[in-house]
Amino acid sequence: MSFPNRAITLAVILTLVSLPALSQQAPKYSPTEGDYIAHNFKFSSGETFPDLRLHYRTLGKPQKAAAGHVTNAVLILHGTGGSGAQFLSPQFADELYGPGQPLDISKYFVILPDGIGHGKSSKPSDALHAHFPSYDYDDMVSAQHLLLTEGLGIQHLRLIFGTSMGCMHSFVWGETFPDFMDALMPMACQPVQIAGRNRLWRKMVIDAIHNDPDWAKGEYKEEPKAALRNAEDLLIIAGSAPLVMQKSFPSRDAADKYSDEVEKLYKNLDANDLLYQVNASRNYDPSAQLEKITVPVMWINSADDFINPPELKIAEKESPRLKNSTFILLPISDTTHGHGTHTWAINWKTYLQQLLDRSAH
């Protein structure tokens, strides 16, 4: 297996077990790209960034009502270490953006931002390294809101769809700006504080970087390879799913060969960026204010998700607090991919269509 140069992100590592089946064909859809500069952006830590760059991609065209406001905007939010570019992959885009599909871009204006610290948006590796502001999920959502309202002139969204970290951002959006969207579709997360095994693997990734002397408090001249290899191994396990791994690597030799090839991945990671990306979840906990979310919600997790295992029964406890929600637990099948099921739209696109129909005005 070959890995495209500089194309592997943490979001891909988290779904690594599905890589053997991933198509390497060029994306069918070509987005329009742009940057919005948020001047003197203030982080929740109190730090200020003079010119925060927020990169985005769009598909389709905005449609406006008689009063001039955009009526067909859809915001799609990526996971930890990813970018808006991941939603151009065939297993996602080819199931959603075409004629007659749920997010047909002849009808919808689809916005794919890169979160703070990710993709082509401002991030530690640009220059500041470990002196970059210590952003969290509230900061990332606040910046997304600025991008929409000040950068793109959008005051309301038809839908917010989020995967993994973007799923958690969806819950933050629903509480912080409850009237900004018609519907929410969070996929592959829980609306509670990150604790237990989910916190442990994140803390282990953080500690692996901090404890590597080559990290040099963020001022390394070469990437701390041992830290990144340790982090990468943890991320592979976190993104794993037993059924698809067993099918993909049915022998010891196949598994060993894949493990050897995976070593190439950490060469495409930046330790400071990874550290900040994982640490951004440290104070996430929307559980106290879930009742503020009143728009229709289609919340979907997968039964083979290592990061959000169904046996915790968090969804059964929390979903009744969402006044207008449906929780779906996708059963394990030949088409699910553990945590990465959120990217394989064939598994859940009918539920997306149901949500759009239910929330239509």
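# Packing and contacts in a predicted model

Colleague: To which residue's side chain is the side chain of Asn272 joined by a polar contact of 3.0 Å?

Modeller: This is a predicted model, in which local features need pLDDT of at least 70 and side-chain atom pairs count only at pLDDT 80 or more, whereas totals for chains, interfaces and linings use all residues. Residues are numbered from 1 along each chain as its sequence is written, and side-chain values use heavy atoms, with hydrogens and water left out. A polar contact is a pair of N or O atoms within 3.5 Å; within protein, one must be able to donate a hydrogen and the other to accept it, and residues adjacent in sequence count only if both atoms are side-chain atoms. At 3.0 Å, the side chain of Asn272 has such a contact with that of Trp215.

Colleague: Is Asn272 buried or exposed, and at what relative accessible area?

Modeller: Asn272 lies in helix H9, residues 271-279 (helices are DSSP runs of H or I with at least four residues, strands are runs of E with at least two, and both are numbered from the N terminus). Beyond its neighbours within four places in sequence, Asn272 is in contact (heavy atoms within 4.5 Å) with Pro124, His129, Ala130, Trp215, Gly218 and Tyr220. Buried means under 20% relative accessible area, exposed over 50% and partly exposed in between, for a 1.4 Å probe and protein chains only. Asn272 is therefore buried, because its relative accessible area is 0%.

Colleague: How are the axes of helices H3 and H4 oriented to each other?

Modeller: The axes of H3 (residues 137-151) and H4 (residues 165-176) come within 10 Å and cross at roughly 75 degrees, where axes are lines fitted to C-alpha atoms, for helices over the stretch in contact, and angles run from 0 to 180 degrees between N-to-C directions. Angles under 35 degrees count as roughly parallel, over 145 as roughly antiparallel, 65 to 115 as roughly perpendicular and the rest as oblique. The relation of H3 to H4 is therefore roughly perpendicular.

Colleague: How many residues of the contact of H3 with H4 are nonpolar?

Modeller: H3 contributes Tyr137, Asp138, Met140, Val141, Gln144, His145 and Leu148, and H4 contributes Met165, Met168, His169, Val172 and Trp173. Ala, Val, Leu, Ile, Met, Phe, Trp, Tyr, Cys and Pro count as nonpolar, Asp, Glu, Lys and Arg as charged, and the others, Gly among them, as polar. On that basis one residue is charged, three are polar, and the nonpolar residues number eight.

Colleague: How do H5 and H6 run relative to each other?

Modeller: H5 (residues 196-210) and H6 (residues 225-238) pack with their axes 8 Å apart, at an angle of about 170 degrees. Residues of this contact include Trp201 and Met204 of H5 and Leu234 and Leu235 of H6, and the full set divides into ten nonpolar, one polar and no charged. The angle is why H5 and H6 are described as roughly antiparallel.

Colleague: Which strands are at the edges of the open sheet of eight strands?

Modeller: The sheet has the order S1-S2-S4-S3-S5-S6-S7-S8 with mixed pairing, and two strands pair if DSSP finds at least two bridges between them. Within the sheet, S3 (residues 73-77) and S5 (residues 159-163) run parallel and are joined by four bridges. The strands that pair on one side only are S1 (32-42) and S8 (325-330).

Colleague: What separates the C-alpha atoms of Phe161 and Leu77?

Modeller: Phe161 lies in strand S5 and is buried, with a relative accessible area of 0%. Its contacts outside the four nearest places in sequence include Leu75, Ile76, Leu77 and Trp348. Although Phe161 and Leu77 are 84 residues apart along the chain, their C-alpha atoms are separated by 6.3 Å.

Colleague: Which residue's backbone oxygen lies 3.1 Å from a polar atom of the side chain of Asn301?

Modeller: Asn301 is placed in strand S7 and is buried at 3% relative accessible area. Among the residues that Asn301 touches, not counting those up to four places away in sequence, are Met187, Ala188, Gln190 and Asn308. The backbone oxygen 3.1 Å from the side-chain polar atom of Asn301 belongs to Cys189.

Colleague: What is the phi of Ala188, roughly?

Modeller: Most residues other than glycine have a negative phi. Ala188, in the loop between S6 and H5, counts as buried at 6% relative accessibility. Although Ala188 is not a glycine, its phi is positive, at about 75 degrees.
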